[in-house]
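I am opening a notebook on a structure that is new to me, and I will write down what I look up in the order in which I look.

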Amino acid sequence: MNGRSGVAADSEEPASPQHEIPQNVNTRRVSVCVFMLVVLMAAVVVALLLFFTQSPSLATADPLASHGHDPPANATRRLPDIIIIGVRKGGTRALIEMLSLHTDVVAAQSEVHFFDWDSHYRRGAEWYVSQMPYARPGQLTVEKTPAYFTSARVPERVLQMKPDVRLLLIVREPTERLLSDYTQVFHNRLEKRKRQQTLETLLMRGGELNLDYKALNRSLYHVHMRHWLDAFPRSRIHLVDGDALIRNPLAEMKKVEEFLHLEPQINGSNFYFNQTRGFFCLRDRRRERCLHGSKGRKHPRVAPEVLRKLYDFFHEPNRKFFELVGRTFDWK
Ligand SMILES: *[C@@H]1O[C@H](CO)[C@@H](O)[C@H](O)[C@H]1NC(C)=O
Ligand SMILES: *[C@@H]1O[C@H](CO)[C@@H](O)[C@H](O)[C@H]1NC(C)=O
Ligand SMILES: *[C@@H]1O[C@H](CO)[C@@H](O)[C@H](O)[C@H]1NC(C)=O
Ligand SMILES: *[C@@H]1O[C@H](CO)[C@@H](O)[C@H](O)[C@H]1NC(C)=O
């Protein structure tokens with residue numbers, strides 16, 4: 001569009017540009033310009049409409065719950081009724097995906113880190129709710145942030161925010177969990193081209209286990225569990241056996257349904273074994289999905305004497321954990 005066109009000259013009165021076209025310039029050129037402008041604006045409007053109708057997940061932060069449509073009638077965002085508090089590398093992603101098979105559950109898709117990151121916590125309940133998916137009346141909302149379990153200030157904060165929340169903790173055999181934790185950090189550093197450290201240098205110090213190694217600390221379940229039981233009664237925390245969930249997801253999920261007072265709904269046809277991957281994939285009314293490939297990563301090779309040290313070391317912490325929670329797990 002050239003500088004002499006009516007549109008540029010009329011920019012002071014944007015309310016009705018069509019009526020301002022001067023009669024003394026080349027009227028045909030101006031009308032072509034105006035026509036093109038209208039077409040352009042129409043295209044922009046159509047594009048915007050398409051964008052907002054095609055990708056509501058951007059607005060709802062929950063592609064699973066809204067699956068391509070507007071929020072269901074009468075649905076609202078609410079504080080979570082259920083929080084999966086951990087443990088890191090325990091199978092929290094598998095658990096929340098399997099829980100989402102139930103039609104009365106809607107899950108936040110990303111880890112919210114509300115209670116453990118001060119920068120988020122300061123934003124308050126309103127921000128926290130804005131991170132939740134839409135839930136219809138009667139549906140339960142769940143979020144998972146595995147870092148909650150090992151952060152000592154989190155239990156009290158959760159209690160303040162949502163006193164009647166129900167908590168799920170998924171645990172695995174502590175040595176396996178530690179190796180998996182190390183492996184994830186190893187791969188993250190590999191992707192960021194950061195220097196690698198061998199497990200032995202992190203884990204051992206002067207021939208003894210290094211208690212300052214974070215991945216080791218995170219497997220001291222009794223230390224962290226104590227903080228949670230200071231805030232919540234035992235009956236409000238359900239423990240999921242992460243090793244059992246991988247072997248036989250249905251049996252573990254029936255217990256979760258029961259704890260949450262959900263109508264029994266998840267059944268054998270929700271799971272199918274994938275031979276290539278060596279673990280279960282999920283199936284519901286909408287689609288089939290397998291967990292992300294990284295979930296089945298091979299662990300590093302660890303010297304047998306280090307492994308032995310780890311199993312021996314965790315024996316006592318495990319015993320304390322079993323005592324604390326009033327049940328045992330089939331750990332080495
Ligand atoms: C939404 O709520 C209104 C008022 O409570 C009710 O009449 C209506 O049936 C509800 N719609 C759906 C789809 O549940
Ligand atoms: C492990 O971490 C917890 C919580 O951060 C801390 O209180 C505890 O002292 C640590 N334990 C060891 C043995 O480092
Ligand atoms: C499992 O549940 C689905 C829908 O929830 C149902 O269609 C199917 O018949 C059930 N399968 C079995 C084996 O009960
Ligand atoms: C099984 O896993 C493989 C490897 O990840 C994948 O390519 C394939 O699509 C999966 N099959 C089914 C039926 O899910």
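**Notebook: sheets, a helix, loops and ligands**

I began with a single pair of residues: Phe271 has Leu282 as its bridge partner in strand E11. I note at once that I am reading a predicted model.

From that pair I moved out to the strands, and found that E10 and E11 pair in the antiparallel sense, with four bridges between them. They belong to an open sheet of three strands, ordered E10-E11-E12, in which the pairing is antiparallel. Its edge strands are E10 and strand E12 (288–289), each of which pairs on one side only.

I then turned to the other sheet I had on my list, which is open and made of five strands in the order E3-E5-E2-E6-E9, with parallel pairing. Strand E3 (105–107) and strand E9 (237–241) stand at its edges with a single partner strand each, so one side of each has no neighbour in the sheet. I also wrote down the twist, which averages 25 degrees from one strand to the next.

Within this sheet I followed E6 to its partners on both sides. Strand E2 (residues 82–86) and strand E6 (residues 166–171) run parallel and are joined by four bridges; Ile82 has Arg166 as its bridge partner in E6, and Ile83 stands opposite Leu167. E6 is also joined to E9, again in parallel, by five bridges, and here Leu167 stands opposite Ile237. I asked myself how many of the six residues of E6 are buried. Five of them are, so the strand is largely enclosed by the rest of the structure.

My next entry concerns helix H14 (residues 249–259), whose buried residues are Pro249, Glu252, Met253 and Val256. These cover an arc of only 95 degrees around the axis, which puts them on the same side of H14. As a reminder to myself, an α-helix has 3.6 residues a turn, so residues three or four places apart point the same way. On the other side of H14, I found Ala251 and Glu258 exposed. Looking for what covers the buried residues of H14, I listed several elements, among them the strands E6 and E9 from the five-stranded sheet and the strands E10 (271–274) and E11 (279–283). Helix H5 (92–99) and helix H13 (242–247) also take part in that cover.

After H14 comes His261, which has a positive phi of about 55 degrees although it is not a glycine. His261 lies in the loop between H14 and E10, and it counts as exposed because 9 other C-beta atoms lie within 10 Å. I found a second case in Asn74, whose phi is positive at about 65 degrees although Asn74 is not a glycine either. This residue sits in the loop between helix H4 (63–66) and strand E1 (76–77), and with 10 C-beta neighbours inside 10 Å it too counts as exposed.

While checking the backbone I also noted a cis peptide bond between Gly86 and Val87, with omega about 5 degrees. Val87 lies in the loop between E2 and H5.

Last, I looked up two of the ligands. Around ligand 2 I found Ala152, Leu211, Asn217 and Val223, a shell of three nonpolar residues and one polar, with no charged residue. Ligand 4 is surrounded by Asn274, Thr276, Arg277, Cys281, Glu288 and Cys290, and its shell divides into two nonpolar, two polar and two charged residues.

How values were computed: Residues numbered from 1 in each chain as written. Chains lettered and ligands numbered in written order. Predicted model: local features only at pLDDT ≥ 70, side-chain atom pairs only at ≥ 80, totals over all residues. Near = placed C-beta within 6 Å. Nonpolar A, V, L, I, M, F, W, Y, C, P; charged D, E, K, R; others polar. Pairing = 2+ DSSP bridges. Helix = DSSP H or I, 4+ residues; strand = E, 2+ residues; numbered from the N terminus. Axes fitted to C-alpha atoms, helices over the stretch in contact; angles between N-to-C directions. Buried ≥ 20, exposed ≤ 12 C-beta atoms within 10 Å, placed from the backbone. Arc of directions from axis to C-beta. Contact = placed C-beta atoms within 7 Å.
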